[in-house]
Amino acid sequence: MNLIINGKSVDIDSSIQTVSQLLESRDLHEKVVIVELNKKILQKQDHEKALLSEGNLLEIVSFVGGG
């Protein structure tokens, strides 16, 4: 399946069907992230229910600390 993630075309395995599975596959599931799916910000509790489809637009933002 092809998705647009942070402005880039990305092919993902067809076994990845939800936002939660996508985050886990990219080692982001334990980090604080904000996910926008097709221009709608998702609440964390909705990541497991949010189904992915061919051509979906995702923005994934993670927070990085520093000083």
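Where is K39 found? In this predicted model, K39 is found in the loop between β3 and β4. K39 is exposed, with a relative accessible area of 71%. Its phi is near 70°, a positive value, and the residue is something other than glycine. N38 belongs to that β3–β4 loop too, and here phi is near 50°, again positive in a residue that isn't glycine. With a relative accessible area of 41%, N38 is partly exposed: that figure sits between the 20% and 50% cut-offs, so neither "buried" nor "exposed" applies.

Now for the interior. The largest nonpolar core takes in 17 residues. Those with the most contacts inside this core are V19, L22, V35, L52, L58 and I60. As for secondary structure, at least two core residues come from each of β1 (2-5), α1, β3 and β5 (57-62). As a general matter, nonpolar side chains in soluble globular proteins tend to be buried together.

Two leucines from that list are worth following up. Leaving out residues up to four places away in sequence, L22 touches L3, I5, I12, I16, L52, L58 and I60. L58 lies in strand β5 and comes out at 2% relative accessibility, so it counts as buried. With the same sequence neighbours set aside, L58 touches L3, I4, I5, N6, V19, L22, V35, E36, L37 and L52. The contacts of L58 thus include N6 and E36, alongside core residues such as V19, L22, V35 and L52. E48 makes a handy reference point along the chain: it is 10 residues away from L58, and the two C-alpha atoms are separated by 15 Å.

E48 turns up again in the surroundings of T18. That threonine is found in the loop between β2 (8-11) and α1. Its relative accessible area is 10%, which means T18 is buried, the limit being 20%. Once neighbours within four places in sequence are left aside, T18 is in contact with H47, E48, A50, L51 and L52. One of these, L52, is also on the list of residues with the most contacts inside the largest nonpolar core.

What about empty space? Rolling a probe the size of a water molecule over the atoms shows where such space is left. The largest pocket has a volume of about 250 Å³. Of its 15 lining residues, L23, H29, V33, K44 and H47 are the closest to the centre. H47 therefore appears both here and among the contacts of the buried T18. The lining is a mixed bag, dividing into 6 nonpolar, 5 polar and 4 charged residues. α1 (19-25) and β3 (33-37) each supply at least two of the lining residues, and α1 gives the most, with 3. Both elements also supply at least two residues each to the largest nonpolar core.

Charge pairing is quickly covered, as the count comes to 1 salt bridge. The partners are D46 and K49, whose closest N and O atoms are 3.3 Å apart. How accessible are these two residues? D46 counts as partly exposed, at 25% relative accessibility, whereas K49 is exposed, with a relative accessible area of 62%.

Technical notes. Residues numbered from 1 in each chain as written. Predicted model: local features only at pLDDT ≥ 70, side-chain atom pairs only at ≥ 80, totals over all residues. Heavy atoms only, no water. 1 Å grid on protein atoms, 1.4 Å probe; cavity = no way out; pocket = protein on both sides within 12 Å on 5 of 7 lines; lining within 4 Å. Points joined across faces, edges and corners; volume = space filled by probe spheres on them. Helix = DSSP H or I, 4+ residues; strand = E, 2+ residues; numbered from the N terminus. Nonpolar A, V, L, I, M, F, W, Y, C, P; charged D, E, K, R; others polar. Core = buried A, V, L, I, M, F, W, Y, C linked by side-chain atoms within 4.5 Å. Buried < 20%, exposed > 50% of the residue type's maximum accessible area, 1.4 Å probe, protein only. Contact = heavy atoms within 4.5 Å. Salt bridge = Lys/Arg side-chain N within 4 Å of Asp/Glu carboxyl O.
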